[in-house]
Amino acid sequence: MANSDRNRNWLALYKDAVSEKDIRKARTRITQAQAAISRRARELWYGGANDTSERHQMDAAAHFLGILRSMGEEKW
């Protein structure tokens with residue numbers, strides 16, 4: 001899979017993370033989604049993309065994943 005395709009996969013990883021019911025798997029999925037969002041954000045930044053709706057979606061997703069991570073820290 002090309003780097004660009006992998007980086008665009010952030011949304012699927014995000015959906016997997018927020019829908020994960022198994023607390024043991026949730027931490028890994030959250031980490032994977034956060035990493036994918038970070039890679040995609042760098043790709044957009046270095047590609048010279050202006051603010052896009054995708055960027056706004058990624059910001060919201062990253063924020064929500066941070067909340068999930070902090071909530072999960074109590075259980076992990």
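So, salt bridges: a search of the whole structure finds 6 of them. Keep in mind, everyone, that we are looking at a predicted model. Side chains of opposite charge can pair when their charged atoms come close, and I'd like to walk you through some of the pairs here.

Let's take Arg-40 to start. Its partner is Glu-43, and the closest N and O atoms of that pair are 2.1 Å apart. How are the two placed in helix H3? They sit 3 residues apart in H3, which runs over residues 23-46, so about one helical turn separates Arg-40 from Glu-43. Now, buried or exposed: which is Arg-40? Arg-40 is buried, because its relative accessible area is 6%, under the 20% cut-off. Glu-43 has 24% relative accessibility, so Glu-43 counts as partly exposed.

Next, over to helix H4, where Asp-59 pairs with Arg-55. The closest N and O atoms in this salt bridge are 3.3 Å apart. Both residues belong to H4 and are 4 residues apart, about one turn of the helix. On the accessibility side, Asp-59 comes out at 39%, which makes Asp-59 partly exposed. Arg-55 is partly exposed too, with a relative accessible area of 29%. Elsewhere, salt bridges with shared partners link Asp-16, Glu-20 and Arg-29 into one network.

One more pair for you: Arg-24 and Asp-22. Their salt bridge has its closest N and O atoms 3.3 Å apart. And Arg-24 counts as exposed, because its relative accessibility is 68%.

Okay, from charges to nonpolar side chains. Which residues form the nonpolar patch on the surface? They are Val-18, Phe-64, Ile-67 and Met-71, and together they offer about 320 Å² of accessible area. Helix H4, residues 53-73, gives the most to this patch, with 3 residues. Ile-67 is placed in H4, and at 34% relative accessibility Ile-67 counts as partly exposed.

Helix H2, covering residues 10-19, has some buried residues to show you: Trp-10, Tyr-14 and Ala-17. Why do these three count as lying on the same side of H2? Because they cover an arc of only 65° around the axis.

Let me step back to the whole chain for a moment. The protein chain has 4 helices and 0 strands, so if you like your topology written out, that is α-α-α-α along the sequence, counting helices and strands as DSSP runs. Of the 76 residues in the chain, 24% are buried. As for contacts between residues at least 6 apart in sequence, 67% of them join residues at least 24 apart. The accessible surface of the chain comes to about 5,300 Å², and carbon and sulfur atoms account for 52% of that.

Last topic, and I know you'll ask: confidence. The mean pLDDT of the chain is 87, with 88% of the residues reaching 70 or more. Where is confidence lowest, and where is it highest? The lowest is helix H1, residues 3-7, at a mean of 59, and the highest is H2, at 96. Where pLDDT is low, the predicted coordinates should not be read in detail. Thanks, all, and I'm happy to take questions!

Notes: Residues numbered from 1 in each chain as written. Predicted model: local features only at pLDDT ≥ 70, side-chain atom pairs only at ≥ 80, totals over all residues. Heavy atoms only, no water. Patch = residues over 30% accessible without salt bridge, like charges linked within 9 Å, V, L, I, M, F, W, Y side chains within 5 Å. Areas by Shrake-Rupley, 256 points an atom, 1.4 Å probe, with all protein chains shown as cover. Salt bridge = Lys/Arg side-chain N within 4 Å of Asp/Glu carboxyl O. Buried < 20%, exposed > 50% of the residue type's maximum accessible area, 1.4 Å probe, protein only. Arc of directions from axis to C-beta. pLDDT = per-residue confidence, 0-100. Contact = heavy atoms within 4.5 Å.
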